[in-house]
Amino acid sequence: MMHKNGTANIHPVVEIYATEHLNGKMDRREFISRATALGVTTAGAYGLIGAAKPATAGGPLQQGGTMRMQMDVIALKDPRTFDWSQLAHFTSGTLEYLVEYNNDGSITPNLLESWAVNADATKYTLNVRNGVKWNNGDDFTADDVARNIEGWCDKSVKGNSMAGRMASLIDLDTGKAAAGAITVTGSHTVELTCVSSDITVIAGMADYPAAVVHSSFNPNTMGTSASVGTGPFKPESYEVGVKASIVRNESHQWWGESIGRAVPLDRIEFIDYGTDPSSWVEAAKGDKVDVFYETVGEYVDLIPSIGWENSTIATGSTIVIRTNQKTDAYKDKRVRQALAMAVDNSICLELGYAGKGAAADNFHSGSMHPEHDPTVTRLPYDPIKAMALMKEAGMEDYEHEIHSVDDDWQKNTTDSVAAQLRDAGFKVKITIVPFSTFRRDWTKYPFSSTNWNHRPFATQVWGLAYRSGEAWNEFAWNNKQFDALLAEANSIADANERRKVAGKCQALIRDEGVTIQPYWRNLYRSHKPNLQCEQHIAYHPHVYKWGFTA
């Protein structure tokens, strides 16, 4: 049976989630995420737990103006292969998303008007929004949705991380969408049939590489006015490492206006001031920018002194300092375990991120994830046993080389790891790599640090980065037992039962020494007081919500 949006006929699992939330077993944000992912409206989800939907942040916005954001301007490419959310900040004004993930945890309709999910989450009915047009005049239909999802399922596209998000729709033998997995059942209706139960499908459609493209899509024109999309803006210019800009598309009737959305800004500029935050502050003092893409570490505390404000949110964003198991030195799990046991994660948080977050346990699951099992904890911090393990593996004289990008907090965190490894008696050197170089082959370094964005569910992150063969599996970890447990966790509706399986996933990542994942980050964005451009929990750019206060 299909269940419709709202509270009159909701998905049966949502009632279980509501009870768990009311009993203190699931926090509000994660309840809202899970309920809305299964087709309940945001208002309906809040109503189930007797809460009011939060008021929209900020006051009325003035019409017009140019907003200037400090941000890395990096080379554009096929959105399926986006691996840095800065790319989506530029393209999202033109290339939109089927659904939106919001700071309160809700997943709300965008190019989809609604969706419904059957009881065991094996069948999804997607209702495509009527009245949407591409900016070249073409109608946006179910065929466009089906074509994009089919493209997301194509594992032959190098770097296509969307295949990890759509794994339950893919035939493992062909590496493409399974026969019958994607069916257009009407001009504005698409039916998805999963090869296995999967509660994360809709959430995956909200992530920043899920930008929806036209049938004529050409990555070579993404930075020009020739880019075809459904959004209210069009690209004006794009110069890698320097500056990019988008402007309101006056010749395009944006569908959002018909449902009460507005587009306050006339123009958005993204200006690249490099990776040193002190240069951003100087740009702010000189009135050359209005907002930072992200503010980190000690600079958060500095911002009020220049008359700006910070917006902040606690998240599941993090950093991993990981080995690549294709490298001979890191094939032995004793070596990997030794590295993790030699590092006190709380020290990494203090020295790397000025204490602005919470320590983590090295398995990329935390209290913000509803499937997290709090009874599973990290391998103990024990430098003496760490050295004993390294000697047992015959690697006590090996010199480890850790690569880090040349920014502030990631380099500082990597430095804190290296210092602790040296204190434990290991030989370690750090190689600092420019971000422009690092991002090209970030999954291939033998030992390096990488920042990771927040996702609503730990199983989403594990499916993107820890499952065997995925494009973002920078650990080169291949564990069929873990893959099977992950599939099982995604198929279980009951949170308590799912937590038991997720706990086994946590323990496997821990016991295999897959990564040092030291802390969870609070995210910050600094901006002028008269600007509404709050930091998003997962760096998603909802550009129509940005503007100057009236």
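This note comments on selected salt bridges and on one helix–helix contact in the structure above, which is a predicted model.

1. On the overall picture of charged pairs, a search of the whole structure finds 34 salt bridges. The points below take up a few of them, and then turn to the packing of two helices.

2. The side chain of Asp83 meets that of Lys77 in a salt bridge, with an N to O distance of 3.1 Å. The two partners differ in their exposure to solvent: Asp83 has a relative accessibility of 13% and, because this is under 20%, counts as buried, whereas Lys77, at 27%, counts as partly exposed.

3. A salt bridge also joins Glu269 and Lys243, whose closest N and O atoms lie 3.5 Å apart. This pair links distant parts of the chain, since Glu269 belongs to strand E12 (residues 267–271) and Lys243 to strand E11 (residues 243–248), with the two positions 26 residues apart in numbering. Here Glu269 counts as buried, at 10% relative accessibility, while Lys243 counts as partly exposed, at 31%.

4. Within helix H17 (residues 495–511), Lys500 and Glu497 are three residues apart and are therefore separated by about one helical turn. The two form a salt bridge in which the closest N and O atoms are 3.1 Å apart, and Glu497, with a relative accessibility of 39%, counts as partly exposed. Elsewhere, Arg68, Asp287, Asp290 and Lys528 are joined into one network by salt bridges that share partners.

5. Turning to helix packing, two packed helices are described by the angle between their axes and the distance between the axes. For helix H11 (residues 345–353) and helix H13 (residues 409–423), the axes come within 8 Å and cross at roughly 140°. H11 and H13 are therefore oblique to each other, because an angle has to be over 145 degrees to count as roughly antiparallel. The crossing of H11 and H13 is right-handed.

6. As to the residues behind this packing, H11 contributes Ile347, Cys348, Leu351, Gly352 and Tyr353 to the contact, and H13 contributes Trp409, Asn412, Thr413, Ser416, Val417 and Gln420. By residue class, the contact of H11 with H13 comprises six nonpolar and five polar residues, and no charged ones.

Technical notes:
Residues numbered from 1 in each chain as written. Predicted model: local features only at pLDDT ≥ 70, side-chain atom pairs only at ≥ 80, totals over all residues. Heavy atoms only, no water. Salt bridge = Lys/Arg side-chain N within 4 Å of Asp/Glu carboxyl O. Buried < 20%, exposed > 50% of the residue type's maximum accessible area, 1.4 Å probe, protein only. Helix = DSSP H or I, 4+ residues; strand = E, 2+ residues; numbered from the N terminus. Axes fitted to C-alpha atoms, helices over the stretch in contact; angles between N-to-C directions. Parallel < 35°, antiparallel > 145°, perpendicular 65-115°, else oblique. Left-handed = near helix turned anticlockwise from the far one by under 90°. Contact = heavy atoms within 4.5 Å. Nonpolar A, V, L, I, M, F, W, Y, C, P; charged D, E, K, R; others polar.
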